[in-house]
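Okay, thanks for having me, everyone. Let me put the structure up, and then I'll walk you through a few spots in it.

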Amino acid sequence: MEWLWELEKSEVYVAEHIVNFLIQNNIYVNTKVKISYSESPQTKINLEEIGCFFIDKKIGEYLDSRQYNNTIYGKLHSHRELIWQNYKNENFISSSSLISYPVPRPGDAIALLLTTDLKAKELTELKFTNFFFLIHLIQSALILDESLAKTFTRLQKFLHLGLKIPNIDVGILGDLRANSEDLILLSVNLDARNPWLEKEVFIGHLAWIAIQLNKPIAKIYKRLKLFSPLGLKLPKINLESLNNFILNQEDLFLLSEKLNSKSPWIKQKVSPIHILKIAHKLDISIAFALRELQKFIPLGFELPEVNLDLFEHIKVTQEILSFCSTEKNGRSSIVENYVTLLDILLNLNWYEEFEEFIDVEDEDIADYFHEWLVDEVTRIIKIINCFVPLGIELQQVEFDYLNNLTLKDLQRLEHYLLYGEFNWYEDNPLLIHLLEASCSLNEPIAEILKSLQKFASLGLEIPELSIDNIGNFVVTYEDFDYLCIYEDGTGTDWLTNGFLEPAHIEIIEYRWQNMSISDFIKDMQRYIPLGVKVPKKIPENIDNITNIDKLILCENFFEESPRIEKVSLIHILRSAYWLDEALGKTIERFQKFLAVGVAGLEIPKNIPESLSNYKVTYDDLKLLSEDFNLEGDYRVTSGKWLTDKVLTLHIIQAIVKLEKSGTEIVNRLQRFVPLGLDVPQISLEILSSFIPSQEDMIVFSRNLDSNAPFFKEKIPNWQIVRASVELNKTVAETLKQVQKFIPLGIEVPETNSELLDYFTANQDDIITLSQDLDQNEPWLENEISLIHILRVSMSLKKPVATILTRLQKLTPLGFKLPKIDPRLLGDLIVTQADLVALSEDLDAASPWIKGKVSSFHIHCASQRLNEPVIRTLERLQTFSLILNLQLPEGDRETW
């Protein structure tokens, strides 16, 4: 077998040919595979059952979970290890949790991992979170030198890992092959490297490609159009409009959001702000800017419909641009192209006029200021009103409101929003900006807050503080030394999350080496009125923190591991076991941290002496782990743990996994109830009458393998269907099986199982109930839309009526179906081309067209599908009644 793995890495198709020959002739091969760090005896392998996968050579080796967390290789490694561990299991072939997916053949591993080097750094970077299928598919196909359809079929074998792969009819790809230029077209910087386009291609990007590669934009569009079934969103363009369309470098300037001829590019609906920016940057009139952009209307760009004569002599000044800017400086979310009174006030040039009068209290000056303010706001509103036809909106202004404002109010507003060093667009709390304003103006926080409260009605966000409690507190630079965690004046965690986190203990010791923690707390107590959570009473022994105390604040009890975010009961129990000391002593260690504001549970004062002297056992911790399996880790430095709440399903699962009685398990858990462990109130008499089986565990497990992860409190309707297929039972039998646990508080559909008749579900039904049609999460639980049923029809190549009939059998479980006259469906089977025509972006994916359908959409769809307009119209007419679509009428020449 080992020689076959090596051959696969260098000569894929030779290896594939040999594997096919061995399978066809029922020839077994020998191998020794290392599992759990030990080499297994010589084993004869049936390649038809286990496949040929060169990564299997490494599955017995340790894989650092920190490096491979959430990576595709990490999950693949675990899955293949599980398969080899169970290979001699007599139920191996029938177990869907192990091998219910197509068996891998030579080349499949390369298609998934893009490398044959299992030590490559790229494998630690290949994660589910950054997996862009189209790019991966092209790269794989280029490496394997094969068609996209063949590589697509290879990657489909790995849906069980959780890969998100488009659900398409692979036949639509034909014999399409990728080339190296495709990666150039799909890269943001046209260098065939990351960063890649995030599924959507803007016209600006198409224009940039055309200019850089000196190719017609129509040719580029047609090439990229071939990838639209694979999830690439292209702008809707009438291809006829691209003929003889000439682009130049200046066009890129107009199409770029920042007017720098680079990404990011504007969308097809051109915003009024972008028009203003162009006019200002080029020092041209609005009318001239609009004429410049009209060139792109054939490409599908939408411009405001205005009379150009109105804007022939209107130019955009920096003042106007400032009022209409999308930079909103710390305010709550505001609609784009919407100008508020706050925008106007922040951009008034009041300082030169009134600088010497800011601190002067004089009625004449105040009256003059109000008169000037009303005049200025009126002037600006008049200017902005000129741009309303472009789509700029203006907040209605109450001029009486302006009479309540003072020069001091405007000054404080500006210092709060504009002049601080802490960025408004990061996760800094509002309080830090208020403190900065107090410090820079050398004024009491309360006075600044009073001024800011006047602007709250305009959308200004301000901290929630009681003015009465603040007094005359004026912030100094020394205060920022205390209120910011790091020496460079950054880090506002103490203001955001409370006073202390476990990681802060060491920071305090490092930064304030000449000050004890108790003295530091005394100094911090002056910030209590600002909402900083500082203990009013300093706990005893807080200055006697040992190195051991610091280690138990680490997740895995060693310095390099992350600090815990809060103190949980489970972590206390783990710490007591790790320290091998009485539980009461460990609790004392944590109490001093909890007393200074470290987040965590509230430990009762009077703990029973028996519990205080109790030593936590390994069996206690196995019971409190999510999967009841600490993998021989007797130091409990890792593992997945419960929260401080135990659910009934966990107890039921423990009965099977730990092979102990329900009474013994509940009694063990209840020992920790005085410390805050939430254990369900279950009648031991009722519990003892329920003996869960291995089949029950399959239903309770998310992966249908009787192992973690398990459901918490509720078994959803879709899981009943999945489990019935796994157990080879009717849906009614499976429902009845789990309904026996309802008296224990388990949430299960309470429908009468007889309503399900003798319906037996199959894999097609599981595909139907998965939102992405891939038999994986997310699942449909309530309403199932008609468009989803149409997608299922395409995927399964079965009539819509057939799918609807099967789903109706499942309605007793709570699934809700669309009401539709079956006579309208006939024997309709949906195709990939149908879904393309029904999708707004012509990519066979959401969003879908609805209501009135434009002739432009039909023209673009016909071009995307390479078919006559009449054929596309006929497609849509097929769905017009069932989807309530309104199609264009009359002669197509007049559309």
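Let's start with sulfur: a disulfide here is a pair of cysteine sulfur atoms within 2.5 Å. For anyone who wants the chemistry, a disulfide is a covalent bond between the sulfur atoms of two cysteines. So how many disulfides does the structure hold? Zero. Take cysteine 324: it is in no disulfide, and the nearest cysteine sulfur, on cysteine 386, is 11 Å away.

Quick housekeeping before I go on. This is a predicted model, so local features need pLDDT of at least 70 and side-chain atom pairs count only at pLDDT 80 or more, while totals for chains, interfaces and linings use all residues. Residues are numbered from 1 along each chain as its sequence is written, and side-chain values use heavy atoms, with hydrogens and water left out.

Back to cysteine 324, then: buried or exposed? Buried, with a relative accessible area of 3%. By buried I mean under 20% relative accessible area, exposed is over 50%, and partly exposed is in between, using a 1.4 Å probe and protein chains only. Cysteine 52 is buried as well, at 0%.

Now the core. My nonpolar core is a set of buried Ala, Val, Leu, Ile, Met, Phe, Trp, Tyr and Cys residues joined through side-chain atoms within 4.5 Å. The largest one has 303 residues, and the members touching the most others are Leu224, Ile286, Leu345, Phe455 and Leu583. Which helix gives this core its largest share? That's helix 31, with eight residues. Helices, by the way, are DSSP runs of H or I, at least four residues, and strands are runs of E, at least two, numbered from the N terminus.

Helix 31 covers residues 569-579, and eleven of its eleven residues are buried. Among them are His571, Arg574 and Ser575, alongside residues such as Leu569, Ile570 and Trp578. The buried residues there pack against helix 30 (547-551), helix 32 (583-595) and helix 34 (618-623). Right after helix 31 comes aspartate 580, with a positive phi near 55°.

Let me pick out Phe455 from that core list. What does phenylalanine 455 touch, if we skip residues up to four places away in sequence? Leu342, Leu345, Tyr401, Leu405, Asp409, Leu410, Leu413 and Leu460. Contact means heavy atoms within 4.5 Å.

On to the rings. Rings of Phe, Tyr and Trp (its six-membered ring) pair if their centres lie within 6.5 Å; planes under 30 degrees apart are stacked, over 60 edge-to-face, and the rest tilted. That rule gives 24 aromatic pairs. One of them is phenylalanine 131 with phenylalanine 133: the centres are 6.3 Å apart and the planes at 55°, so we call that one tilted. Phenylalanine 131 is buried at 15%, and phenylalanine 133 is buried at 4%. Then there's tyrosine 614 with phenylalanine 672, edge-to-face, 6.1 Å centre to centre and 65° between the planes. That pair links distant parts of the chain, 58 residues apart: tyrosine 614 sits in the loop between helix 33 (609-612) and helix 34, and phenylalanine 672 in the loop between helix 36 (662-670) and helix 37 (684-688). Tyrosine 614 is buried at 16%, and phenylalanine 672 at 1%. There's also a cluster, where ring pairs link Phe354, Tyr368, Phe369 and Trp372.

Rings get charges over them too. My rule is NZ of Lys or CZ of Arg within 6 Å of the ring centre and within 35 degrees of the ring normal. Lysine 75 has its charged end over the ring of phenylalanine 128, 5.6 Å from the centre. Arginine 526 lies over the face of tyrosine 482, at 5.0 Å from the ring centre.

Last stop, further along the chain: helix 40, residues 731-739. Seven of its nine residues are buried, including Val731, Thr734 and Gln737. These buried residues pack against helix 38 (694-700) and helix 39 (717-727). Serine 724 is in helix 39, and at 1% relative accessibility it counts as buried. Setting aside neighbours within four places in sequence, serine 724 contacts Lys729, Thr730, Val731, Thr734 and Ala761.

That's my tour; happy to rotate the view for anyone.
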